[in-house]
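This report describes one protein model, part by part. Please look over the sequence and the structure before reading on.

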Amino acid sequence: MRTTTFFQRAVEALMALSLLVMVIAVFGNVVQRYLWGTGWVVSEELSRLLFVWLVSLAATLAYSEGQHLGFDLVTARLHGRRAAFARWLARGLIAVSLYYLIVGAWQQVLVGMDSRSPVMNYPLALGAGGILFMGVCMAVILAAECWAELRDRRKGDAA
């Protein structure tokens, strides 16, 4: 099994586990409130934290598969140098966006290190860590895409 396939399967398993825990927490809380007039105090915070990580993992997985926010109505009609220019321009804009995302998430992680959640008492940096993880993973994937295209271009020039 290829390494990327292994990581994709691991991320999918984490997403499924996260979704399962969210469903159990929310549904269990609703049932307890309805039947006994009480509920799990941690349900809301746990679901919120897992949702942030679920979205971050899903966005990272979608980006790695080329399914994340693609708009290729114009670029699909381009060929040759124009297509290459459009691809590199898009990658540059993505890199700038990821830079700001990573810097902002890192600042939130630093702020969240000293702040605790009111009920579960986990550091709030854990929530911002999901966004930081997503940004760093997407930056690595973007760099790998750029490197692969440059390597393929060099092979084409040598032939």
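## The second largest pocket

Which residues lie nearest the centre of the second largest pocket? The model is a predicted one, and in it those residues are F7, Q8, T60, S64 and I141. They belong to a lining of 16 residues. The space in this pocket comes to about 450 Å³.

Helices α1 (3-36), α2 and α4 are the elements that each give two or more residues to the lining of the second largest pocket. The largest share is that of α1, with six residues.

## Nonpolar cores

Eight residues form the largest nonpolar core: A59, Y63, L98, M134, M138, I141, L142 and C146. Two or more of its residues come from each of α2 (43-64) and α4. With five residues, α4 gives the most to this core. A second core, separate from this one, has seven residues, including V11, L50, L54 and L57.

M138 is one of the residues of the largest core. Leaving aside neighbours within four places in sequence, M138 is in contact with A59, T60, Y63, H68 and L98. Among these contacts, A59, Y63 and L98 are also members of the largest core.

## Helix α3

Helix α3 runs over residues 80-112 and has 33 residues. From its first C-alpha to its last, α3 reaches 47 Å, which is close to the 48 Å expected at 1.5 Å a residue. Its buried residues are A83, A84, A86, R91, L98, A105, V109 and G112. In general, an α-helix has 3.6 residues a turn, so residues three or four places apart point the same way.

S97 is also in helix α3. Is S97 buried or partly exposed? With a relative accessibility of 46%, S97 counts as partly exposed. S97 and V41 are 56 residues apart in sequence, and their C-alpha atoms are 37 Å apart in space.

## A buried glutamate in α4

E149 is in helix α4. The relative accessible area of E149 is 14%, so this residue is buried. Leaving aside neighbours within four places in sequence, E149 is in contact with R87, W88 and R91. Of these partners, R91 is listed among the buried residues of α3.

## The loop before α4

Which residue has a positive phi although it is not a glycine? N121 does, with a phi of about 65°. Most residues other than glycine have a negative phi. N121 is in the loop between α3 and α4 (125-158). Its relative accessible area is 44%, so N121 is partly exposed.

## Cysteines and disulfides

How many disulfides does a search of the whole structure find? The search finds zero. A disulfide needs two cysteine sulfur atoms within 2.5 Å. For C137, the closest cysteine sulfur is that of C146, and no bond is possible because the sulfur atoms are 16 Å apart, too far for one. Taken from C146, the closest cysteine sulfur is in C137, at 16 Å.

The two cysteines can also be described by their accessibility. C137 has a relative accessibility of 21% and counts as partly exposed. C146 counts as buried, with 16%. The cut-off for buried is under 20% relative accessible area. C146 is also one of the residues of the largest nonpolar core.

Technical notes: Residues are numbered from 1 along each chain as its sequence is written. This is a predicted model: local features need pLDDT of at least 70, side-chain atom pairs count only at pLDDT 80 or more; totals for chains, interfaces and linings use all residues. Side-chain values use heavy atoms; hydrogens and water are left out. Helices (H or I, at least four residues) and strands (E, at least two) are DSSP runs, numbered from the N terminus. The expected span of a helix is 1.5 Å times one less than its number of residues. Buried means under 20% relative accessible area, exposed over 50%, partly exposed in between (1.4 Å probe, protein chains only). A nonpolar core is a set of buried Ala, Val, Leu, Ile, Met, Phe, Trp, Tyr and Cys residues joined through side-chain atoms within 4.5 Å. Contact means heavy atoms within 4.5 Å. On a 1 Å grid over the protein atoms alone, a cavity is a set of points where a 1.4 Å probe fits but cannot get out, and a pocket is an open set with protein on both sides within 12 Å along at least five of seven lines; lining residues have an atom within 4 Å of a point. Grid points are joined across faces, edges and corners, and a volume is the space filled by probe spheres set on the points.
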